[in-house]
Amino acid sequence: MERLVEEELNAMVGEDAFGKNCNLVSFKLYNCMTDADEFWYQRIFCSLIISDGSNYNIMIKLKIQDLVLRGCFGCDILFNNELIFYKKVIPFLLECRGPTFNDSNTLFLPRFFYGRNDCSELMANDLIVIENINTLGYCLSNEKVFLDNDHLTIALQALAKFHGLSYNAKHKDPGKVYGILENVRNIQIDENGHWMAQDDLFKKCGKRGMDRLLKRDGDRYRDHAHIRRLNELFDDAENVLMQSLNVREPLSVICHGDWHRQTLLFQYDEHRRPFDATSIDFSMLHYGSPALDLSLFLYMSTTQRVREAHWDDLLDTYCAALAASVPPGVRVPCRAEIDAEMAKTAINGLAKASFALPFMLRDRSDALDSLATSDDPVDYFLALGGDMATECLADIVMHLADMGYTDAGRGGHSDLAENTDSKYGSST
(Lines give C-alpha, C1' and ligand atoms only; values in the text may rest on other atoms or scores of the structure.)
Protein backbone atom coordinates (compact mmCIF):
# COMPACT_ATOMS: atom_id res chain seq x y z
CA MET A 1 0.00 0.00 0.00
CA GLU A 2 2.82 2.42 0.84
CA ARG A 3 4.36 1.97 -2.60
CA LEU A 4 0.99 2.57 -4.23
CA VAL A 5 0.49 5.75 -2.23
CA GLU A 6 3.95 7.02 -3.13
CA GLU A 7 3.28 6.50 -6.84
CA GLU A 8 -0.05 8.31 -6.64
CA LEU A 9 1.36 11.19 -4.60
CA ASN A 10 4.19 11.71 -7.08
CA ALA A 11 1.66 11.79 -9.90
CA MET A 12 -0.59 14.25 -8.04
CA VAL A 13 2.27 16.57 -7.18
CA GLY A 14 3.43 16.38 -10.80
CA GLU A 15 -0.05 17.48 -11.92
CA ASP A 16 0.19 20.56 -9.64
CA ALA A 17 -2.41 19.33 -7.14
CA PHE A 18 -0.41 20.97 -4.32
CA GLY A 19 1.10 23.91 -6.17
CA LYS A 20 2.92 24.53 -9.41
CA ASN A 21 6.36 23.21 -10.30
CA CYS A 22 6.81 21.19 -7.11
CA ASN A 23 8.16 17.75 -6.25
CA LEU A 24 7.30 15.33 -3.47
CA VAL A 25 9.97 15.44 -0.75
CA SER A 26 8.56 12.96 1.77
CA PHE A 27 5.33 11.46 3.08
CA LYS A 28 4.13 9.45 6.05
CA LEU A 29 1.09 7.19 6.43
CA TYR A 30 -0.84 7.13 9.69
CA ASN A 31 -4.18 6.05 11.15
CA CYS A 32 -7.01 8.09 12.63
CA MET A 33 -10.83 8.01 12.74
CA THR A 34 -10.70 4.33 13.59
CA ASP A 35 -14.36 4.43 14.68
CA ALA A 36 -15.54 5.34 11.18
CA ASP A 37 -17.67 2.72 9.43
CA GLU A 38 -17.89 3.36 5.69
CA PHE A 39 -19.44 0.94 3.24
CA TRP A 40 -18.42 2.42 -0.13
CA TYR A 41 -14.84 3.57 0.32
CA GLN A 42 -11.78 3.09 2.50
CA ARG A 43 -9.61 5.82 3.96
CA ILE A 44 -5.86 6.36 3.90
CA PHE A 45 -4.37 9.19 5.95
CA CYS A 46 -1.10 10.78 4.99
CA SER A 47 1.13 13.77 5.69
CA LEU A 48 3.44 15.05 2.97
CA ILE A 49 6.08 17.67 2.39
CA ILE A 50 6.66 19.13 -1.05
CA SER A 51 9.66 20.97 -2.47
CA ASP A 52 8.39 24.51 -1.82
CA GLY A 53 8.39 23.69 1.90
CA SER A 54 4.63 23.27 2.25
CA ASN A 55 3.18 20.60 4.53
CA TYR A 56 -0.18 18.90 3.91
CA ASN A 57 -2.31 16.48 5.89
CA ILE A 58 -4.64 14.62 3.56
CA MET A 59 -7.21 11.88 3.45
CA ILE A 60 -7.28 9.65 0.37
CA LYS A 61 -10.57 7.93 -0.42
CA LEU A 62 -10.33 4.67 -2.36
CA LYS A 63 -13.17 2.49 -3.58
CA ILE A 64 -13.68 -0.82 -1.85
CA GLN A 65 -11.76 -3.62 -3.54
CA ASP A 66 -14.58 -6.14 -3.95
CA LEU A 67 -16.04 -5.60 -7.45
CA VAL A 68 -19.37 -7.19 -6.52
CA LEU A 69 -19.80 -4.90 -3.52
CA ARG A 70 -18.68 -1.92 -5.60
CA GLY A 71 -21.53 -2.61 -7.98
CA CYS A 72 -24.02 -3.38 -5.22
CA PHE A 73 -23.30 -0.13 -3.37
CA GLY A 74 -23.03 1.98 -6.51
CA CYS A 75 -19.50 3.10 -5.65
CA ASP A 76 -18.78 4.44 -9.13
CA ILE A 77 -21.90 6.64 -8.94
CA LEU A 78 -21.07 7.82 -5.43
CA PHE A 79 -17.50 8.72 -6.46
CA ASN A 80 -18.79 10.62 -9.48
CA ASN A 81 -21.28 12.57 -7.36
CA GLU A 82 -18.61 13.56 -4.86
CA LEU A 83 -16.17 14.64 -7.54
CA ILE A 84 -18.86 16.83 -9.10
CA PHE A 85 -19.48 18.32 -5.67
CA TYR A 86 -15.84 19.23 -5.10
CA LYS A 87 -14.98 20.24 -8.67
CA LYS A 88 -18.16 22.10 -9.67
CA VAL A 89 -20.78 22.51 -6.97
CA ILE A 90 -18.76 23.97 -4.12
CA PRO A 91 -16.65 26.33 -6.28
CA PHE A 92 -19.88 27.70 -7.78
CA LEU A 93 -21.60 28.05 -4.40
CA LEU A 94 -18.61 29.79 -2.85
CA GLU A 95 -18.26 32.10 -5.85
CA CYS A 96 -21.91 33.12 -5.47
CA ARG A 97 -21.40 33.65 -1.76
CA GLY A 98 -18.41 35.88 -2.33
CA PRO A 99 -16.44 37.27 0.62
CA THR A 100 -17.93 36.13 3.90
CA PHE A 101 -19.94 38.79 5.66
CA ASN A 102 -20.01 37.00 9.01
CA ASP A 103 -17.49 34.28 9.74
CA SER A 104 -19.64 32.70 12.44
CA ASN A 105 -22.28 31.98 9.78
CA THR A 106 -19.85 30.47 7.29
CA LEU A 107 -19.78 26.72 6.68
CA PHE A 108 -16.31 25.20 6.92
CA LEU A 109 -15.51 22.61 4.24
CA PRO A 110 -12.35 20.54 3.72
CA ARG A 111 -10.08 21.53 0.85
CA PHE A 112 -10.16 19.36 -2.24
CA PHE A 113 -6.84 18.52 -3.91
CA TYR A 114 -7.36 15.80 -6.48
CA GLY A 115 -9.86 13.30 -7.85
CA ARG A 116 -10.17 10.64 -10.51
CA ASN A 117 -13.03 8.28 -11.39
CA ASP A 118 -12.11 6.11 -14.38
CA CYS A 119 -14.31 3.23 -13.11
CA SER A 120 -11.69 0.64 -13.91
CA GLU A 121 -11.41 -2.72 -12.18
CA LEU A 122 -8.38 -1.49 -10.27
CA MET A 123 -9.41 0.12 -7.02
CA ALA A 124 -6.34 2.34 -6.89
CA ASN A 125 -7.16 4.00 -10.21
CA ASP A 126 -10.05 5.89 -8.61
CA LEU A 127 -9.46 8.19 -5.69
CA ILE A 128 -10.49 11.43 -4.03
CA VAL A 129 -7.99 13.46 -2.02
CA ILE A 130 -9.17 16.04 0.49
CA GLU A 131 -7.80 17.81 3.53
CA ASN A 132 -7.63 15.68 6.67
CA ILE A 133 -9.60 17.93 8.99
CA ASN A 134 -8.88 15.72 12.00
CA THR A 135 -5.66 17.69 12.24
CA LEU A 136 -7.79 20.84 12.64
CA GLY A 137 -9.63 19.37 15.61
CA TYR A 138 -12.66 17.90 13.84
CA CYS A 139 -13.66 14.42 14.93
CA LEU A 140 -16.61 12.08 15.27
CA SER A 141 -18.84 12.48 18.30
CA ASN A 142 -18.54 9.97 21.12
CA GLU A 143 -22.23 9.11 20.78
CA LYS A 144 -22.65 5.98 18.69
CA VAL A 145 -26.06 6.81 17.21
CA PHE A 146 -28.20 9.44 18.95
CA LEU A 147 -26.83 12.91 19.62
CA ASP A 148 -27.37 15.11 22.66
CA ASN A 149 -28.91 18.56 22.41
CA ASP A 150 -25.57 20.39 22.06
CA HIS A 151 -24.51 18.23 19.11
CA LEU A 152 -27.96 18.44 17.53
CA THR A 153 -27.89 22.23 17.72
CA ILE A 154 -24.43 22.54 16.15
CA ALA A 155 -25.24 19.98 13.43
CA LEU A 156 -28.49 21.78 12.52
CA GLN A 157 -26.69 25.11 12.35
CA ALA A 158 -24.10 23.58 10.01
CA LEU A 159 -26.85 22.06 7.85
CA ALA A 160 -28.56 25.44 7.67
CA LYS A 161 -25.29 27.04 6.51
CA PHE A 162 -25.00 24.39 3.81
CA HIS A 163 -28.56 25.00 2.60
CA GLY A 164 -27.99 28.73 2.81
CA LEU A 165 -25.32 28.44 0.11
CA SER A 166 -28.00 27.20 -2.28
CA TYR A 167 -30.43 30.02 -1.53
CA ASN A 168 -27.70 32.57 -2.05
CA ALA A 169 -26.66 30.92 -5.33
CA LYS A 170 -30.26 30.84 -6.57
CA HIS A 171 -30.51 34.53 -5.76
CA LYS A 172 -27.31 35.35 -7.65
CA ASP A 173 -27.44 32.92 -10.60
CA PRO A 174 -30.59 30.75 -10.46
CA GLY A 175 -30.27 28.95 -13.78
CA LYS A 176 -26.77 27.66 -13.13
CA VAL A 177 -27.83 25.80 -9.96
CA TYR A 178 -29.54 23.26 -12.18
CA GLY A 179 -26.73 23.10 -14.70
CA ILE A 180 -24.03 22.08 -12.25
CA LEU A 181 -26.19 19.18 -11.03
CA GLU A 182 -26.85 17.83 -14.52
CA ASN A 183 -24.61 14.77 -14.12
CA VAL A 184 -25.33 14.11 -10.44
CA ARG A 185 -27.19 10.85 -9.94
CA ASN A 186 -29.62 10.40 -7.05
CA ILE A 187 -28.58 7.11 -5.50
CA GLN A 188 -32.17 6.50 -4.36
CA ILE A 189 -33.30 6.11 -7.99
CA ASP A 190 -32.13 3.32 -10.29
CA GLU A 191 -31.14 3.78 -13.93
CA ASN A 192 -34.71 3.00 -15.03
CA GLY A 193 -36.15 5.80 -12.93
CA HIS A 194 -37.55 3.59 -10.17
CA TRP A 195 -37.03 3.66 -6.42
CA MET A 196 -33.89 1.66 -5.70
CA ALA A 197 -35.34 -0.55 -2.93
CA GLN A 198 -37.90 -2.87 -4.50
CA ASP A 199 -39.85 -5.93 -3.30
CA ASP A 200 -41.95 -3.83 -0.89
CA LEU A 201 -38.88 -3.39 1.29
CA PHE A 202 -39.92 0.00 2.65
CA LYS A 203 -43.48 -1.17 3.21
CA LYS A 204 -42.22 -4.11 5.25
CA CYS A 205 -39.70 -2.03 7.18
CA GLY A 206 -42.30 0.64 7.84
CA LYS A 207 -44.76 -1.97 9.02
CA ARG A 208 -42.08 -3.21 11.41
CA GLY A 209 -42.38 0.02 13.34
CA MET A 210 -46.11 0.39 12.91
CA ASP A 211 -46.91 -3.13 14.10
CA ARG A 212 -44.85 -2.54 17.23
CA LEU A 213 -46.59 0.79 17.86
CA LEU A 214 -50.04 -0.82 17.55
CA LYS A 215 -48.96 -3.66 19.81
CA ARG A 216 -47.81 -1.34 22.59
CA ASP A 217 -50.42 1.42 22.20
CA GLY A 218 -53.23 0.07 20.02
CA ASP A 219 -56.04 1.81 21.86
CA ARG A 220 -54.63 5.19 20.92
CA TYR A 221 -53.34 4.56 17.41
CA ARG A 222 -55.38 1.75 15.85
CA ASP A 223 -58.01 4.16 14.49
CA HIS A 224 -55.71 7.19 14.29
CA ALA A 225 -56.33 9.13 11.06
CA HIS A 226 -52.64 9.61 10.33
CA ILE A 227 -51.86 5.94 10.97
CA ARG A 228 -54.49 5.05 8.38
CA ARG A 229 -52.87 7.53 6.03
CA LEU A 230 -49.42 6.05 6.66
CA ASN A 231 -50.78 2.61 5.76
CA GLU A 232 -51.99 4.08 2.46
CA LEU A 233 -48.54 5.57 1.85
CA PHE A 234 -46.86 2.24 2.61
CA ASP A 235 -49.15 0.51 0.09
CA ASP A 236 -48.04 2.99 -2.59
CA ALA A 237 -44.48 3.27 -1.30
CA GLU A 238 -42.49 3.62 -4.52
CA ASN A 239 -44.73 6.31 -5.98
CA VAL A 240 -44.90 8.20 -2.68
CA LEU A 241 -41.14 8.13 -2.14
CA MET A 242 -40.43 9.21 -5.70
CA GLN A 243 -42.83 12.15 -5.27
CA SER A 244 -41.10 13.15 -2.03
CA LEU A 245 -38.00 13.84 -4.14
CA ASN A 246 -39.81 16.26 -6.43
CA VAL A 247 -38.40 19.75 -6.83
CA ARG A 248 -40.38 22.23 -4.71
CA GLU A 249 -39.58 25.77 -5.74
CA PRO A 250 -38.74 28.27 -4.51
CA LEU A 251 -37.71 26.23 -1.46
CA SER A 252 -35.53 23.47 -2.92
CA VAL A 253 -31.80 23.33 -2.21
CA ILE A 254 -28.82 21.14 -2.94
CA CYS A 255 -29.40 18.49 -0.28
CA HIS A 256 -26.57 16.67 1.40
CA GLY A 257 -28.58 13.44 1.33
CA ASP A 258 -26.84 11.67 4.23
CA TRP A 259 -26.51 14.15 7.11
CA HIS A 260 -26.20 12.16 10.35
CA ARG A 261 -23.76 11.13 13.06
CA GLN A 262 -21.56 8.92 10.88
CA THR A 263 -20.98 11.59 8.23
CA LEU A 264 -20.49 14.52 10.63
CA LEU A 265 -17.31 15.74 12.29
CA PHE A 266 -17.45 18.13 15.23
CA GLN A 267 -14.97 20.64 16.57
CA TYR A 268 -14.82 20.99 20.37
CA ASP A 269 -13.74 23.63 22.86
CA GLU A 270 -11.56 23.02 25.92
CA HIS A 271 -14.60 21.80 27.86
CA ARG A 272 -15.47 19.21 25.17
CA ARG A 273 -18.50 21.18 24.03
CA PRO A 274 -19.08 21.18 20.26
CA PHE A 275 -18.98 24.57 18.56
CA ASP A 276 -18.76 23.68 14.87
CA ALA A 277 -19.56 20.77 12.55
CA THR A 278 -18.98 19.79 8.95
CA SER A 279 -19.08 16.75 6.68
CA ILE A 280 -16.51 14.97 4.53
CA ASP A 281 -19.03 12.88 2.57
CA PHE A 282 -21.04 14.49 -0.22
CA SER A 283 -21.75 11.52 -2.46
CA MET A 284 -25.54 11.46 -2.02
CA LEU A 285 -26.27 15.07 -2.87
CA HIS A 286 -29.40 15.86 -4.86
CA TYR A 287 -31.74 18.78 -5.44
CA GLY A 288 -34.95 18.89 -3.43
CA SER A 289 -36.74 20.06 -0.32
CA PRO A 290 -34.53 21.03 2.65
CA ALA A 291 -36.89 18.89 4.75
CA LEU A 292 -35.38 15.78 3.13
CA ASP A 293 -32.13 16.50 4.97
CA LEU A 294 -33.92 17.68 8.10
CA SER A 295 -36.18 14.65 8.47
CA LEU A 296 -33.34 12.19 7.84
CA PHE A 297 -31.05 13.90 10.34
CA LEU A 298 -33.63 14.32 13.07
CA TYR A 299 -35.06 10.80 12.81
CA MET A 300 -31.60 9.24 12.65
CA SER A 301 -30.13 11.34 15.46
CA THR A 302 -32.81 11.86 18.12
CA THR A 303 -34.61 9.68 20.62
CA GLN A 304 -38.36 9.95 21.10
CA ARG A 305 -37.76 11.69 24.42
CA VAL A 306 -35.69 14.39 22.71
CA ARG A 307 -38.29 14.77 19.96
CA GLU A 308 -41.07 15.25 22.48
CA ALA A 309 -39.11 17.82 24.48
CA HIS A 310 -37.17 19.73 21.82
CA TRP A 311 -38.66 19.23 18.33
CA ASP A 312 -39.90 22.81 17.97
CA ASP A 313 -36.69 24.20 19.43
CA LEU A 314 -34.58 22.18 17.00
CA LEU A 315 -36.53 23.35 13.96
CA ASP A 316 -36.40 26.92 15.25
CA THR A 317 -32.63 26.55 15.60
CA TYR A 318 -32.36 25.47 11.97
CA CYS A 319 -34.58 28.31 10.72
CA ALA A 320 -32.69 30.96 12.70
CA ALA A 321 -29.33 29.71 11.47
CA LEU A 322 -30.63 29.57 7.90
CA ALA A 323 -31.81 33.19 8.00
CA ALA A 324 -28.46 34.25 9.49
CA SER A 325 -26.46 32.40 6.83
CA VAL A 326 -27.54 34.61 3.91
CA PRO A 327 -27.23 38.35 3.26
CA PRO A 328 -30.27 40.64 3.47
CA GLY A 329 -32.61 40.26 0.52
CA VAL A 330 -32.04 36.52 -0.04
CA ARG A 331 -35.25 34.57 0.45
CA VAL A 332 -35.19 31.54 2.73
CA PRO A 333 -38.16 29.54 4.03
CA CYS A 334 -39.80 30.53 7.29
CA ARG A 335 -40.74 28.08 10.00
CA ALA A 336 -44.29 27.61 8.67
CA GLU A 337 -42.91 26.67 5.25
CA ILE A 338 -40.47 24.22 6.81
CA ASP A 339 -43.35 22.63 8.74
CA ALA A 340 -45.31 22.24 5.50
CA GLU A 341 -42.27 20.69 3.79
CA MET A 342 -41.82 18.26 6.66
CA ALA A 343 -45.42 17.13 6.24
CA LYS A 344 -44.80 16.45 2.55
CA THR A 345 -41.38 14.80 2.73
CA ALA A 346 -40.77 13.33 6.20
CA ILE A 347 -41.90 9.93 4.86
CA ASN A 348 -38.56 9.91 3.02
CA GLY A 349 -36.75 10.38 6.33
CA LEU A 350 -38.67 7.43 7.75
CA ALA A 351 -37.75 5.33 4.72
CA LYS A 352 -34.03 6.03 5.06
CA ALA A 353 -34.10 5.64 8.83
CA SER A 354 -35.93 2.31 8.55
CA PHE A 355 -32.92 0.94 6.63
CA ALA A 356 -30.01 2.83 8.17
CA LEU A 357 -30.95 3.10 11.83
CA PRO A 358 -31.26 -0.68 12.40
CA PHE A 359 -27.90 -1.08 10.67
CA MET A 360 -26.32 1.42 13.07
CA LEU A 361 -27.93 -0.33 16.04
CA ARG A 362 -27.07 -3.80 14.86
CA ASP A 363 -25.45 -6.55 16.84
CA ARG A 364 -23.52 -8.65 14.35
CA SER A 365 -25.37 -11.74 15.56
CA ASP A 366 -28.91 -10.40 15.50
CA ALA A 367 -29.37 -10.75 11.74
CA LEU A 368 -27.55 -14.03 11.30
CA ASP A 369 -30.40 -16.08 12.78
CA SER A 370 -32.81 -14.70 10.20
CA LEU A 371 -30.46 -15.65 7.38
CA ALA A 372 -30.16 -19.16 8.77
CA THR A 373 -33.93 -19.68 8.85
CA SER A 374 -35.07 -17.80 5.74
CA ASP A 375 -34.13 -17.53 2.08
CA ASP A 376 -35.70 -14.04 1.83
CA PRO A 377 -33.03 -11.30 2.07
CA VAL A 378 -35.72 -8.91 3.33
CA ASP A 379 -35.72 -10.91 6.56
CA TYR A 380 -32.13 -9.80 7.10
CA PHE A 381 -33.15 -6.13 7.10
CA LEU A 382 -36.17 -6.80 9.30
CA ALA A 383 -33.92 -8.45 11.91
CA LEU A 384 -31.17 -5.82 11.97
CA GLY A 385 -30.89 -3.98 15.26
CA GLY A 386 -33.15 -6.41 17.08
CA ASP A 387 -35.83 -5.23 19.49
CA MET A 388 -34.16 -1.88 20.12
CA ALA A 389 -34.35 -0.96 16.43
CA THR A 390 -37.99 -2.06 16.27
CA GLU A 391 -38.81 0.20 19.22
CA CYS A 392 -36.97 3.12 17.62
CA LEU A 393 -38.88 2.68 14.35
CA ALA A 394 -42.15 2.50 16.29
CA ASP A 395 -41.23 5.81 17.94
CA ILE A 396 -40.62 7.43 14.53
CA VAL A 397 -43.95 6.16 13.18
CA MET A 398 -45.64 7.52 16.31
CA HIS A 399 -43.97 10.90 15.84
CA LEU A 400 -45.01 11.09 12.19
CA ALA A 401 -48.60 10.39 13.20
CA ASP A 402 -48.59 12.81 16.13
CA MET A 403 -47.12 15.59 13.97
CA GLY A 404 -49.43 14.87 11.03
CA TYR A 405 -46.48 14.38 8.67
CA THR A 406 -48.55 12.38 6.19
CA ASP A 407 -49.12 14.90 3.41
CA ALA A 408 -46.71 13.08 1.10
CA GLY A 409 -47.28 12.98 -2.63
CA ARG A 410 -48.98 16.34 -2.92
CA GLY A 411 -47.36 19.25 -4.73
CA GLY A 412 -43.91 19.70 -6.24
CA HIS A 413 -42.57 19.23 -9.76
CA SER A 414 -40.73 16.14 -10.92
CA ASP A 415 -39.43 17.66 -14.15
CA LEU A 416 -36.28 19.57 -13.27
CA ALA A 417 -35.83 21.14 -16.70
CA GLU A 418 -39.46 22.30 -16.83
CA ASN A 419 -39.12 23.74 -13.36
CA THR A 420 -35.96 25.57 -14.35
CA ASP A 421 -37.60 27.23 -17.33
CA SER A 422 -40.83 28.14 -15.57
CA LYS A 423 -39.29 29.48 -12.37
CA TYR A 424 -36.02 31.04 -13.35
CA GLY A 425 -35.69 31.08 -17.09
CA SER A 426 -33.47 28.89 -19.24
CA SER A 427 -30.45 27.30 -17.58
CA THR A 428 -28.33 27.43 -20.72
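Colleague: How many aromatic pairs does the count come to?

Modeller: The count comes to 16 aromatic pairs in this predicted model. Take F18 and Y56 as one of them: their ring centres are 5.0 Å apart and their planes stand at 55°, so the pair is tilted.

Colleague: Where do F18 and Y56 lie?

Modeller: F18 is in the loop between helix 1 and strand 1, while Y56 belongs to strand 3 (residues 55-63), so the pair ties together parts that are 38 residues apart in sequence.

Colleague: And is F18 buried or exposed?

Modeller: F18 counts as buried, at 3% relative accessibility. Y56 is buried too, with a relative accessible area of 12%.

Colleague: Which kind of pair do F85 and Y86 form?

Modeller: That pair is edge-to-face, with 5.3 Å from centre to centre and 75° between the planes. In general, a pair of aromatic rings is described by the distance of the centres and the angle of the planes. F85 is buried at 1% relative accessibility, and Y86 is buried with a relative accessible area of 6%.

Colleague: Which residues do ring pairs link into a cluster?

Modeller: The cluster consists of F85, Y86, F112, F162 and F282, linked by ring pairs.

Colleague: Let's stay with F85 for a moment. What does helix 3 do at F85?

Modeller: Helix 3 bends there, by about 40°. The helix covers residues 75-97, which is 23 residues. From its first C-alpha to its last it reaches 31 Å, close to the 33 Å expected at 1.5 Å a residue.

Colleague: What follows helix 3?

Modeller: G98 does, and the phi of G98 is positive, near 70°.

Colleague: Which residues other than glycine have a positive phi, say in the loops?

Modeller: D16 is one of them, with phi near 65°. D16 sits in the loop between helix 1 (2-14) and strand 1 (24-30), and at 35% relative accessibility D16 counts as partly exposed. R272 is another example, also with a positive phi, near 65°. R272 lies in the loop between strand 8 and strand 9 and is partly exposed, with a relative accessible area of 45%. For background, most residues other than glycine have a negative phi, and most peptide bonds are trans.

Colleague: Speaking of peptide bonds, what kind joins E249 and P250?

Modeller: A cis peptide bond, with omega at about 10°. You'll find P250 in the loop between helix 8 (237-244) and strand 7 (253-255).

Colleague: New topic: sheets. In what order do the three strands of the open sheet come?

Modeller: The order is 6-8-9, and the pairing is antiparallel. Strand 6 (138-139) and strand 9 (274-279) are at the edges, each with a single partner strand, so one side of each has no neighbour in the sheet.

Colleague: How many bridges do strand 8 and strand 9 pair over?

Modeller: Five bridges, in the antiparallel sense, with strand 8 covering residues 264-268. If you want a spot to look at, Y268 has P274 in strand 9 as its bridge partner.

Colleague: Which helix lies across strand 8 and strand 9?

Modeller: Helix 4, residues 149-172, and it runs at about 50° to strand 9.

Colleague: Back to the start of the chain, then. Which way do strand 1 and strand 2 pair?

Modeller: Strand 1 and strand 2 pair in the antiparallel sense over six bridges. F27, for instance, has L48 in strand 2 as its bridge partner. Strand 2 is also joined to strand 3, by nine bridges, and those two run antiparallel. There the bridge partner of C46 is I58 in strand 3.

Colleague: What about the hairpin of strand 2 and strand 3: how many residues are between the strands?

Modeller: Four residues, and G53 in that hairpin takes a positive phi near 90°.

Colleague: Why is strand 2 described as largely enclosed?

Modeller: Because seven of the 10 residues of strand 2 (residues 41-50) are buried, the rest of the structure largely encloses the strand. Buried here means under 20% relative accessible area.

Colleague: Last one, for the whole protein: how many helices and strands are there?

Modeller: The secondary structure comes to 15 helices and 10 strands. Of the 428 residues of the protein, 54% count as buried. Among contacts with a separation of 6 or more, 76% are between residues 24 or more positions apart.

Technical notes
Residues are numbered from 1 along each chain as its sequence is written. This is a predicted model: local features need pLDDT of at least 70, side-chain atom pairs count only at pLDDT 80 or more; totals for chains, interfaces and linings use all residues. Side-chain values use heavy atoms; hydrogens and water are left out. Two strands pair if DSSP finds at least two bridges between them. Contact means heavy atoms within 4.5 Å. Axes are lines fitted to C-alpha atoms, for helices over the stretch in contact, and angles run from 0 to 180 degrees between N-to-C directions. The expected span of a helix is 1.5 Å times one less than its number of residues. The bend at a residue is the angle between axes fitted to the seven residues ending there and the seven starting there. Buried means under 20% relative accessible area, exposed over 50%, partly exposed in between (1.4 Å probe, protein chains only). Rings of Phe, Tyr and Trp (its six-membered ring) pair if their centres lie within 6.5 Å; planes under 30 degrees apart count as stacked, over 60 as edge-to-face and the rest as tilted.
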